[in-house]
Amino acid sequence: MITNDAHRQTVEIPGPWTHRTVAANGAQFHAAEMGHGPLVLLLHGFPEFWWAWRHQLPALAAAGWRAVALDLRGAGGSDKTPRGYDAFTFAADITGAILSLGERRAVLVGHGWGAYGAWTAAAMRPAHVDALAVLSMPHPLVLRRHLLRGRFRHSGSLAWVQTPMAPERRLIADDGAHVETLLRRWSAPGSAFPDDEASRHYRAAMQLWPAPHCALEYQRWLVRSLFRGDGRRFAKRVQDPLTMPVLQVHGVQDSNMDLDLAAASREMVAGEYHWLSLESAGHFPHEETPDAVTDALLDWLVKQRDRHD
C-alpha cells in the first residue's frame, strides 16, 4: 500500500517550481507552476506525468509566461476517479483548470494524449484557448477517421490496451519495467532519453494505483466510441477547423504515432499554422530534444504575444 507521504514524494519532485492543487470539473488536479504573465498550460502524455515538462517550465517562466504543468485526471497527483476519461470530460477538465487558475484564456501546449485533450478543448471551448501547440498527436478527427478505416498500425498503443486488466498488470509488473520499455521503444534509436532518473520517476508514478487503469481509459474510450453515439457526437463537435494559431511538432522517428497522419491535421486548422518536424526525435521530442522544442515554443509564443499587444 502506497502511503500519502510516499505518493507526495513520487509526484512532488523538488525544483524551481511550486506545487499546488487546482479544483476543476468536480476533481482535484495537481500542478507545478512557475513564473508570472499570460498562462501557458502544459499537458503531458502517456506514460508520463507533469514532470515531462521540467525542461520547458523554467524557460517559459524566464521568458515572461506563467507556466503550469498539469497532471491529467488519473495521473500523478491528480484525482484518480472511476470515470471521466471521455473526450468531453477531458476538454472540461482542461478549461476548468484554466478558470480555477484565475484566468479566462490560456495557451495550451500538449504532448501525446495531453495533445489529444488540447486539440479537443480548443475545438469544443475555443473561447478559453488563445493558441495551441501540439506534439506527437494528430487532430482527434483525423485520428478517428484513420481508425474507422481499420488502420491501427502506427496509431499508438490503442490496440494492445483494449483488453481488460492485462495491460494494467503489465504496466506495474517488475516495478514498472514496461513503462521504461515503452519510453525507449517510442524514442528515436540511440536517444539518450530516458536516462536513469527519468525511468525511475515514470516507473514510480505509474505504480500509484489506479494510475495505469486511468491512463488507459482515455485510449479505450477513443476506440470504444468509434461506433457509438457518443463518438459520433464527439466527431460533430470537433469537425470545424480551428481558427486560433496552431504549432504542430512531430519527431520524424516517432514509431508510436505516424508522421504523415499527424501532418494531415493541417486540414483541420483554418487559422495561422506552423509545422515543425524534428529529424532526431521520436515520440517524446520535448524530452529527447528539449532545447529544440523549447526554442521553437518560445519563438512561437513571442509571435502570439505580439499579436495581442
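Me: Which residues form one aromatic cluster with Trp-51?
Reply: Trp-17, Phe-49, Trp-50 and Tyr-202 join Trp-51 in one aromatic cluster, where rings of Phe, Tyr and Trp (its six-membered ring) pair if their centres lie within 6.5 Å, with planes under 30 degrees apart counted as stacked, over 60 as edge-to-face and the rest as tilted. Please keep in mind that this is a predicted model, in which local features need pLDDT of at least 70 and side-chain atom pairs count only at pLDDT 80 or more, while totals for chains, interfaces and linings use all residues. Residues are numbered from 1 along each chain as its sequence is written, and side-chain values use heavy atoms, with hydrogens and water left out.

Me: How many aromatic pairs does that rule give?
Reply: The count comes to 13 aromatic pairs. One of them is Trp-51 with Tyr-202, which is edge-to-face because the ring centres are 5.7 Å apart and the planes stand at 65 degrees.

Me: And where do Trp-51 and Tyr-202 lie?
Reply: Trp-51 lies in the loop between β3 (39–43) and α2 (56–62), whereas Tyr-202 is in helix α7 (residues 196–206), so the pair ties together parts that are 151 residues apart in sequence. Helices (H or I, at least four residues) and strands (E, at least two) are DSSP runs, numbered from the N terminus.

Me: Is Trp-51 buried or exposed?
Reply: Trp-51 is buried, with a relative accessible area of 3%, and Tyr-202 is buried as well, at 0%. Buried means under 20% relative accessible area, exposed over 50%, and partly exposed in between (1.4 Å probe, protein chains only).

Me: What about Tyr-85 and Tyr-218?
Reply: Tyr-85 and Tyr-218 form an edge-to-face pair, 5.1 Å centre to centre with 85 degrees between the planes. Tyr-85 lies in the loop between β4 (66–70) and α3 (87–100) and Tyr-218 in helix α8 (residues 211–224), so this pair ties together parts that are 133 residues apart in sequence. Both Tyr-85 and Tyr-218 are buried.

Me: Back to Trp-51: which residue has its charged end over the ring?
Reply: That is Arg-54, whose charged end sits over the ring of Trp-51, 3.6 Å from its centre; the rule asks for NZ of Lys or CZ of Arg within 6 Å of the ring centre and within 35 degrees of the ring normal.

Me: New topic, Gly-96: where is it found?
Reply: Gly-96 is found in helix α3 and counts as buried, at 14% relative accessibility. Gly-96 and Val-22 are 74 residues apart in sequence and 9.2 Å apart in space, C-alpha to C-alpha.
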